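Visitor: I am new to this structure and would love a close look at a single part. Could you pick one spot and walk me through what surrounds it?

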Amino acid sequence: MMKSSFLAFVALAVSGYAEAATYSRTASLSGQSFLDAFSWKELHDPTNGRVNYVSQSTAGSAGLYSVSGNTVTLRADHTTVLNPSGPGRDSFRLQSNNQYRTHVAIFDIGHMPVGCGTWPAEVGANWPYEGEIDIVEGVNNKVPNQSTLHTSANCVMPSSRLMTGTSVELDCDVYSTGNLGCGVKTADSNSFGHNFNNNGGGWYAVERTSNHISIYFWERGSSSVPSEVKYPGGSVDTSAWVINSYKWFETTHQYSNQGTPAAYFPNTLCNFASHFGPLNIIINLDFCGDWAGATYSSDGCPSTCVEYVNNVPEAFSKAYFEFNALNIYE
């Protein structure tokens with residue numbers, strides 16, 4: 001009976017992703033070319049965080065970013081005690097110069113921010129009427145990662161979907177959910193926070209089509225990382241990820257999650273054409289705000305979120321991203 005269930009699940013995965021196609025690489029970004037593909041945004045935080053998004057020149061003078069070979073490091077200030085009536089902690093908000101519709105983006109990340117009060121996120125757009133896709137999202141060191149869609153009204157996800165993650169909320173409408181969106185928790189404790197960093201990071205990938213949005217995660221050192229993710233080339237075929245998973249089962253009689261997305265968002269109960277427009281990639285690090293601030297105490301963090309961010313700068317010495325590469329296919 002158990003063997004039959006696994007067979008049905010894998011067969012459905014192959015069938016469900018038959019529409020996946022071969023995409024051609026339009027951007028191979030690492031080191032300085034990664035930075036050149038983004039613009040720094042100085043703006044008031046839309047999620048009401050205790051943060052001050054600074055310009056590239058200010059960030060450079062303060063040592064908040066660096067390039068070493070192919071690796072880009074983006075960090076928040078971790079030395080300044082803040083004036084309670086002054087601006088928040090200096091940080092970064094980068095927005096891609098290009099916008100994307102149907103595409104695959106593969107992020108090779110070596111380190112992500114950790115610390116009570118932190119709120120890293122990676123992808124968004126003209127909010128909320130053209131949608132937002134959060135590939136990496138979490139707060140206050142809580143594992144695992146959560147991937148989330150944020151939309152306007154009348155966008156709902158089915159309760160049963162082909163993915164390894166677990167649904168947190170089905171309604172993607174920011175207004176009816178208090179901006180929670182329809183999140184999915186990744187079924188891998190090494191997908192976020194200290195666990196992610198101690199394991200050497202990993203790869204996140206997003207595929208957006210007119211019919212579905214899929215998010216994948218592979219931890220560093222995993223034997224199931226597709227070769228075209230680990231060694232990116234001029235094209236990528238996401239359907240091969242699923243087919244390889246099926247072949248693995250036929251050979252070993254053990255189920256592999258290699259080709260099954262961590263989070264899967266189909267368009268069956270959500271008209272993607274009216275809820276998602278062209279997307280910019282956003283890379284930012286927030287503090288406190290609507291989510292991290294609201295769950296701060298229950299997450300076991302000291303003091304209050306704003307007081308901690310103001311007064312304990314050394315707590316954010318590990319609040320940084322390391323990006324090894326970003327490959328985009330269209």
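Guide: Happily! Let us start at Trp-127, which counts as partly exposed because its relative accessibility is 37%; buried means under 20% relative accessible area, exposed over 50%, and partly exposed in between, with a 1.4 Å probe and protein chains only. Before going on, please note that this is a predicted model, where local features need pLDDT of at least 70 and side-chain atom pairs count only at pLDDT 80 or more, while totals for chains, interfaces and linings use all residues. Residues are numbered from 1 along each chain as its sequence is written, and side-chain values use heavy atoms, leaving out hydrogens and water.

Trp-127 sits in the loop between strand E9 (118-124) and strand E10 (132-134); strands are DSSP runs of at least two residues, numbered from the N terminus. On the surface, Trp-127 joins Tyr-129 and Tyr-175 in a nonpolar patch with about 390 Å² of accessible area together. Such a patch takes residues with over 30% relative accessible area and no salt bridge (a side-chain nitrogen of Lys or Arg within 4 Å of a carboxyl oxygen of Asp or Glu), and nonpolar side chains are joined within 5 Å. The areas come from the Shrake-Rupley method with a 1.4 Å probe, and for residues only the protein chains shown count as cover.

From the loop, follow E10 into an open sheet of four strands, ordered E10-E11-E13-E12 with antiparallel pairing. E10 and strand E12 (166-167) stand at the edges with a single partner strand each, so one side of each has no neighbour in the sheet; two strands pair if DSSP finds at least two bridges between them. Strand E11 (residues 146-150) and strand E13 (residues 182-185) pair over four bridges, and Thr-148 has Gly-183 in E13 as its bridge partner.

Terms used. Patch = residues over 30% accessible without salt bridge, like charges linked within 9 Å, V, L, I, M, F, W, Y side chains within 5 Å.
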